[in-house]
Amino acid sequence: MIMLCERCCAQIAESEPVVRLAHIDHARPDGTIVWRHSFLHNGGCPAPRTAAHERPDTGSWDPARGIGGLREH
Ligand SMILES: [Zn+2]
């Protein structure tokens with residue numbers, strides 16, 4: 001079963017400590033309750049990371065360009 005954290009939406013691994021929350025889905029005519037479960041990371045959620053396609057392209061540094069005023073002409 002894949003568990004997704006309700007707080008950060010990341011997947012929770014089987015080996016990670018988890019908080020399981022029970023929510024009432026509905027009650028049957030005989031009075032029994034059907035439960036739905038959701039999950040949270042117990043040890044804190046991982047820091048959010050921007051998706052690769054949403055990160056700005058800062059380019060890479062070309063050392064041949066030198067640094068501003070220090071460049072020899
Ligand atoms: Zn989380």
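Four donors count as tetrahedral if all angles lie between 85 and 135 degrees, four count as square planar and six as octahedral if opposite donors are over 155 degrees apart and all others between 65 and 115, and anything else is irregular. In this structure, the four donor atoms around a zinc ion subtend angles of 106 to 117°, which makes the arrangement tetrahedral. This is a predicted model, in which local features need pLDDT of at least 70 and side-chain atom pairs count only at pLDDT 80 or more, while totals for chains, interfaces and linings use all residues. Residues are numbered from 1 along each chain as its sequence is written, and side-chain values use heavy atoms, with hydrogens and water left out.

**The zinc site**

- The protein donors of the zinc ion are Cys5 (SG), Cys8 (SG), His41 (ND1) and Cys45 (SG), at 2.0 to 2.3 Å from the ion.
- Donors are N, O and S atoms within 2.8 Å of the metal (3.2 Å for Na, K and Ca); water is not among the atoms, so sites may look incomplete.
- Along the chain, the donors of the zinc ion follow the spacing C-x2-C-x32-H-x3-C.
- Cys5 lies in the loop between β1 (3-4) and β2 (11-12) and His41 in strand β4, so the pair ties together parts that are 36 residues apart in sequence.
- Strands (E, at least two residues) and helices (H or I, at least four) are DSSP runs, numbered from the N terminus.

**Surroundings of the zinc site**

- Both Cys5 and His41 are buried, where buried means under 20% relative accessible area, exposed over 50%, and partly exposed in between (1.4 Å probe, protein chains only).
- The relative accessible area of His41 is 4%.
- Leaving aside neighbours within four places in sequence, His41 is in contact with several residues, among them Arg7, Ala10, Ile12, Glu16 and Pro46; contact means heavy atoms within 4.5 Å.
- Cys9 is found in the loop between β1 and β2 and is exposed, with a relative accessible area of 59%.
- Phi of Cys9 is near 70°, a positive value in a residue other than glycine.

**The salt bridge**

- The structure holds one salt bridge, a term that denotes a side-chain nitrogen of Lys or Arg within 4 Å of a carboxyl oxygen of Asp or Glu.
- Arg36 forms a salt bridge with Asp25, and the closest N and O atoms are 3.5 Å apart.
- The pair links distant parts of the chain, with Arg36 in strand β4 (residues 33-41) and Asp25 in strand β3 (residues 18-27), 11 residues apart.
- Arg36 counts as partly exposed at 49% relative accessibility, and Asp25 counts as partly exposed at 36%.

**A nonpolar surface patch**

- Ile24, Ile33 and Trp35 make a nonpolar surface patch of about 300 Å².
- Patches are made of residues with over 30% relative accessible area and no salt bridge, like charges being joined within 9 Å and nonpolar side chains (Val, Leu, Ile, Met, Phe, Trp, Tyr) within 5 Å.
- Ile24 is found in strand β3 and is exposed, with a relative accessible area of 56%.

**The segment after β4**

- Asn42 has its place in the segment after β4 and counts as partly exposed at 46% relative accessibility.
- Not counting residues up to four places away in sequence, Asn42 touches Pro17, Val18 and Val19.
- The C-alpha atoms of Asn42 and Arg55 are separated by 29 Å, the residues being 13 apart along the chain.
- Trp61 also has its place in the segment after β4 and is exposed, with a relative accessible area of 56%.
- Trp61 and Pro48 are 13 residues apart in sequence and 26 Å apart in space, C-alpha to C-alpha.

Note on methods
Areas by Shrake-Rupley, 256 points an atom, 1.4 Å probe, with all protein chains shown as cover.
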